[in-house]
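I opened the notebook today to look up a few positions in this model and to write down what I could find for each of them.

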Amino acid sequence: MPRRRIRADAQRSIEQIVAAADRLIERVGPTVALDEVAKEAGVAPATLYRHFPSRMHLFERVYGDRTARVAEHARALTGAGEPMEDLREWLDAFVSLGVESQSVLAQLMSQGLRQSDAAGNAEQGHRLIVDAVSGLLGRAQETGAARKDVDAEDLISLVSGVIVALESRPGIAPAERRMRAERALQIILVGISSS
């Protein structure tokens with residue numbers, strides 16, 4: 001059975017809610033109340049809950065959209081500058097998103113919330129990221145800057161390990177987390193470099 005198309009006004013409401021949640025998560029963090037999100041979006045709380053029945057559903061959408069933007073950033077960088085520098089810039093953005101989303105997910109899970117399709121959403125996000133970085137890595141390999149025996153899955157696995165390691169130390173200060181992330185990325189980039 002084909003999916004029903006969302007009415008234009010409902011689609012606008014969804015976009016307003018997601019944009020408002022994105023802004024408030026940036027300002028307040030993942031503890032932001034859904035009623036605050038509705039107010040910021042200019043919609044009634046009932047409208048928010050009709051589209052997003054729980055915090056998990058809303059945050060899942062926000063981080064899905066952020067993942068799509070990070071993937072799009074990789075495509076924008078492809079062919080823009082020095083291949084390894086472009087790859088480093090993109091990996092830095094990916095780590096920042098990964099650390100933040102891991103932290104938010106851990107908080108939501110600790111509240112007993114569950115995603116509607118955790119495995120499916122994780123696989124979709126992973127595929128999007130691997131496909132996005134393939135172009136940057138391929139360009140670095142074509143210019144001889146990166147080893148040819150490394151593929152996008154290898155690279156994302158390595159960087160995802162950094163994200164998990166950073167998130168497993170919750171008491172670490174943001175400045176130290178940033179420094180450790182940069183150092184780990186530098187080590188990874190040296191490891192995949194052909195020189």
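In which helix is Q186 found? I located Q186 in helix α8, which covers residues 174–192, and I kept in mind throughout that I was reading a predicted model.

I then asked whether Q186 counts as buried or exposed, or as something in between. I noted a relative accessibility of 43% for Q186, and therefore entered this residue as partly exposed, since that class lies between the limits of 20% and 50%. I also looked up Q186 together with D92, and found that they are 94 residues apart in sequence, while their C-alpha atoms are 10.0 Å apart in space.

Next I turned to D86, which has its place in helix α5. I entered D86 as buried because its relative accessibility is 7%, and buried means under 20%. For the side chain of D86, I recorded a polar atom that lies 2.9 Å from the backbone nitrogen of G81.

I checked the confidence as well, and found a mean pLDDT of 85 for the protein, with 88% of its residues at 70 or more. Helix α5, residues 83–110, is where I found the lowest confidence, at a mean of 81, whereas helix α2, residues 34–41, has the highest, at 93.

Last, I consulted the UniProt record, an unreviewed entry, which places the feature "DNA-binding region" at residues 33–52. Over residues 33–52 I read the chain as 75% helix and 0% strand, with the end C-alpha atoms 13 Å apart.

Technical notes: Residues numbered from 1 in each chain as written. Predicted model: local features only at pLDDT ≥ 70, side-chain atom pairs only at ≥ 80, totals over all residues. Heavy atoms only, no water. UniProt positions renumbered as here; feature names shortened; annotations may be inferred. Helix = DSSP H or I, 4+ residues; strand = E, 2+ residues; numbered from the N terminus. Buried < 20%, exposed > 50% of the residue type's maximum accessible area, 1.4 Å probe, protein only. pLDDT = per-residue confidence, 0-100. Polar contact = N/O pair within 3.5 Å; in protein donor to acceptor, adjacent residues only side chain to side chain.
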